[in-house]
Amino acid sequence: MTQDLFRQDAYLRECSAHITAVTDAGIVLDQTVFYPLGGGQAGDSGVLVLADGTEIAIADTRKGKDGDGHPTSDIVHIPAPGQEESLAQVAPGAAVTARIDWERRHRMMRLHTTSHLLCHVVPQLVNGCSITPDYARLDFAMTDPLDKEQLTAAIAMLVAAAHPLTVASISDEELDANPALVKSMSVQPPRGTGRIRTIRIGGEGDTPLIDLQPCGGTHVANTAEIGAIVVTKIEKKSATTRRVVLGFAQ
């Protein structure tokens, strides 16, 4: 089992850890700041620094799977190719420092938070999404046309309003009683622990609630941190789907 430190604090850039397993899939740690691919968000990259200073470049991060392909509670750090000599030093029990590519992660945090703002601006169910370091896309189940400039302006207003973001949780029963909290048709919140992580934007005191939904991804603490984001493309993917692509303003 890998303790997922990024769930509690998305701003952690590194942590100390111990290797618990080395498999054909990659390196498993007892705890990590690396986010694994999931919920539409890409996995983190970075380095694992061994006790002697040797750096193992990590190209991707994934959730572990058992022999039958079922997900486990492990998080697997996938080394970049061409590091055979360095990887020969890696063994269970060894101490490492896990350090993410912070600039890459922070770009995804900004885009992921913007995708939540977009769910407020376009209040329709989402049937597909992707969060990468360079762009984010959301597919909305809808038939009405959308306007790039209008969406960009609406997002800019929410960013400028500096709405705080709060990480909390609800019980399985609370989610069952409020199914509208789930905005995604393609990704369902993970269950099994009795608590489901939520992201709330706004809703502090007298401030308006902008968005509240289950989400396991990484986000910025305040919308003002997002900066300048624009809608770069709107596509009609099908008769009932409109794709909105977000990118950083040049």
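**Close-up 1. Helix 2 crosses helix 3 in the right-handed sense.** The view is taken from a predicted model. Helix 2 and helix 3 pack with their axes 10 Å apart, at an angle of about 115°. On the side of helix 2, the contact is made by T114, L117, L118, H120 and V121. Helix 3 contributes L151, A154, I155, L158 and V159. Of the residues in this contact, eight are nonpolar and two are polar, and none is charged.

**Close-up 2. Four strands form an open antiparallel sheet.** The order of the strands across the sheet is 9-10-15-14. Strand 9 (126-131) and strand 14 (229-238) are the edge strands, and each of them pairs on one side only. From one strand to the next, the twist averages 15°. Strands of a sheet are held in pairs by backbone hydrogen bonds, in either a parallel or an antiparallel arrangement.

**Close-up 3. Strand 10 pairs with strand 15.** Strand 10 covers residues 135-141 and strand 15 covers residues 241-248. Seven bridges join these two strands, and the pairing is antiparallel. Within the pair, A136 of strand 10 stands opposite L246 in strand 15.

**Close-up 4. Helix 2 and helix 3 both lie against the sheet.** Helix 2 (residues 102-121) lies across strand 9, strand 10, strand 14 and strand 15. Its direction is at about 140° to strand 15. Helix 3 (residues 148-160) packs on the sheet by touching strand 14 and strand 15. The direction of helix 3 makes about 135° with that of strand 14.

**Close-up 5. Strand 12 and strand 13 form a hairpin.** Strand 12 spans residues 195-202, and strand 13 spans residues 209-214. The two strands pair in the antiparallel sense over five bridges. I199 of strand 12 stands opposite Q213 in strand 13. Six residues lie between the strands, and in this turn G203 has a positive phi of about 80°.

**Close-up 6. C119 is a buried cysteine without a disulfide bond.** The structure holds zero disulfides. The closest cysteine sulfur to that of C119 belongs to C129 and is 8.4 Å away, so the two are too far apart for a bond. A disulfide would need the sulfur atoms to be within 2.5 Å. C119 has a relative accessible area of 10% and therefore counts as buried. Another cysteine, C15, is also buried, at 9% relative accessibility.

Key
Residues are numbered from 1 along each chain as its sequence is written. This is a predicted model: local features need pLDDT of at least 70, side-chain atom pairs count only at pLDDT 80 or more; totals for chains, interfaces and linings use all residues. Side-chain values use heavy atoms; hydrogens and water are left out. Two strands pair if DSSP finds at least two bridges between them. Axes are lines fitted to C-alpha atoms, for helices over the stretch in contact, and angles run from 0 to 180 degrees between N-to-C directions. Contact means heavy atoms within 4.5 Å. A crossing is left-handed if the near helix is turned anticlockwise from the far one by less than a right angle, and right-handed if clockwise. Ala, Val, Leu, Ile, Met, Phe, Trp, Tyr, Cys and Pro count as nonpolar, Asp, Glu, Lys and Arg as charged, and the others, Gly among them, as polar. Buried means under 20% relative accessible area, exposed over 50%, partly exposed in between (1.4 Å probe, protein chains only).
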